[in-house]
Amino acid sequence: MNLKIKALLIACLIFSVLILASGCVAENTPYDVNDADNYKVSVKFDANGGIFTTNTSVIVDSFNLSELPVGSDGKAQIALIAPDHPARGNDAFTAINNGYFLAGWYANRTETLDADGKTTYVYSDKWDFEADTLSVDADGTYTSAQPVLTLYAAWIPLFEIEFYDLTTGDYLESYVFNPTQQQEILIPQWSTETGGIEMHDFPKKSGWTFEAVYADAAGTQPLSVTAVKHPGVVDEVNGMAKDHVMKLYVDFAEGEWYHIYNVEQFLDHASVNASFVIHEDLDFEGQIWPSSLMHGNYSGQIRGNGHTFSNITFEQTNNSKVNSGLFGNLTETAVLEDLTFENVTFTIKGGTRVSGANFGLLAGTVSEGAKVEDVTVSNSTLQIDSTCYFGTTDYCLGLVCGLGTTDIDPAGITCKAVGENPENLSITVNDGVVTLQFSE
């Protein structure tokens, strides 16, 4: 439709009227006004279960035959304008129907019954507003109350993806969309920039992390693509759709998981509940080891994939914390695997409370049930400030951990006295257990 035709059509549509879907025509109705002004040829747009933004269910456009060009065949040609077309200006109206999208406007509507006895419609002759024209007899007799053409809105349910928990079978939520604007959704992907997972349009599950998605409830058909295309099909010829609902089954890993490619990502997500998959060696030179890990009850997992955490320096100075190390306490659910700690320095500063305390380079406490597998500590140092005066035997101090056991070889850790008078501190290490003796 070019600009010249638009301008002509806008002029012809000055007397377009908006009416409610009613079979009654009262005296002095808009139809009477149009007939009196010779706007007798009308076209009705039936929202067909929807509603226009005018809060009416029908729009009627009326035309003055005397203002329309007539061909040699005695026919006047009218190029119709869709209700929401910008050419209407302020008289443009959008048809809406909650839960549906508009497939188009159709000249024919046939009523039918589905398998449940519910009335449905099959449509035909979709109107092409760019190519089709309405042909009317220039010498015909018309009244605006009797439209020469009715165009019906064909509504198709929005396409839907239902998400279910693969493990429990529980329904999670649905994602609905207009298939004329979108055909697929992205599967969650790990971000190399943030270390977190981008869920896109998939549902989240609190305390769990997306693991995989399957096309079947049994979990035998994993979807390894980057995007899922909805299998539904829109039949624009008949204004219908097939298979508009799709089901997906999501598998979750327990915990808050992150994929780590650099130190900043690890520090950004460090918490006692977080779990990590390590993809690169991490050098902590100049960085501060998270106090939440140093003193907290760590319950997550770190899958090291053979990588190394190096150049970590941290100190015990908080007298209110009685479990300290790289991890304060590895709880019964904690997992550390396939990881090397290299050049780690842990200093217990002067004045530190030690009564009832548990200190170790790796952890203050390793709870029964915690898994520490294929973990190595090398070239590392546990330093005791000589101004610490324990004055009690009520403490657990170890090269690897204070309280509890691991299979880590303590040979990669040395223990030494530091501070103003290191000669005043005698250190004995027996099978990884550290005993201190201070001289007066």
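The residues that line the second largest pocket of this predicted model divide into ten nonpolar, seven polar and one charged. This pocket holds about 280 Å³ of space, and among its 18 lining residues those nearest the centre are C401, G404, D431, G432 and V433. Two or more lining residues are given by each of the strands β33 (395–398), β34 (401–403) and β37 (433–438), and β33 supplies the largest share, with four residues.

The largest pocket has a volume of about 480 Å³, and its lining likewise comprises 18 residues, with Y100, T120, Y121, W155 and P157 lying nearest the centre. Here the elements that contribute two or more residues are β8 (119–126), β10 (149–157) and β19 (240–242), and the largest share, four residues, comes from β8. By residue class, this lining divides into eight nonpolar, six polar and four charged residues. The two pockets are set side by side below.

| Pocket | Volume | Lining residues | Nearest the centre |
|---|---|---|---|
| Largest | about 480 Å³ | 18 residues | Y100, T120, Y121, W155, P157 |
| Second largest | about 280 Å³ | 18 residues | C401, G404, D431, G432, V433 |

Y121, one of the residues nearest the centre of the largest pocket, also takes part in a contact between a charge and a ring, for R109 lies over the face of Y121 at 4.5 Å from the ring centre. A second arrangement of this kind involves W208, where K205 lies over the ring face at 4.3 Å from the ring centre.

Aromatic rings also pair with one another, and the count for the model comes to 22 aromatic pairs. In one of them, the ring centres of F163 and F202 are 4.8 Å apart and the planes stand at 50 degrees, so the pair is classed as tilted, given that edge-to-face pairs need planes over 60 degrees apart and stacked pairs need planes under 30 degrees apart. This pair links distant parts of the chain, since F163 belongs to strand β11 (residues 159–165) whereas F202 sits in the loop between β15 (197–198) and β16 (208–214), 39 residues apart. Both F163 and F202 are buried.

A further aromatic pair, formed by F309 and F341, is edge-to-face, with 5.7 Å from centre to centre and 90 degrees between the planes. F309 lies in strand β25 (residues 301–316) and F341 in strand β28 (residues 335–348), so this pair ties together parts of the chain that are 32 residues apart in sequence. How accessible are the two rings' residues, F309 and F341? F309 has 0% relative accessibility and therefore counts as buried, and F341, also at 0% relative accessibility, counts as buried too; the cut-off for this class is under 20% relative accessible area. Both F309 and F341 belong to one aromatic cluster, whose other members are Y258, F266, F276, F284, W289, Y298 and F327.

Strand β25 also contains T308. With a relative accessible area of 17%, T308 is buried, because the value falls under the 20% limit for that class. Once its neighbours within four places in sequence are left aside, T308 is in contact with D281, L282, T340 and E342.

Note on methods. Residues numbered from 1 in each chain as written. Predicted model: local features only at pLDDT ≥ 70, side-chain atom pairs only at ≥ 80, totals over all residues. Heavy atoms only, no water. Phe/Tyr/Trp six-rings, centres within 6.5 Å; stacked < 30°, edge-to-face > 60°. Buried < 20%, exposed > 50% of the residue type's maximum accessible area, 1.4 Å probe, protein only. Lys NZ or Arg CZ within 6 Å of the ring centre and 35° of its normal. Contact = heavy atoms within 4.5 Å. 1 Å grid on protein atoms, 1.4 Å probe; cavity = no way out; pocket = protein on both sides within 12 Å on 5 of 7 lines; lining within 4 Å. Points joined across faces, edges and corners; volume = space filled by probe spheres on them. Nonpolar A, V, L, I, M, F, W, Y, C, P; charged D, E, K, R; others polar.
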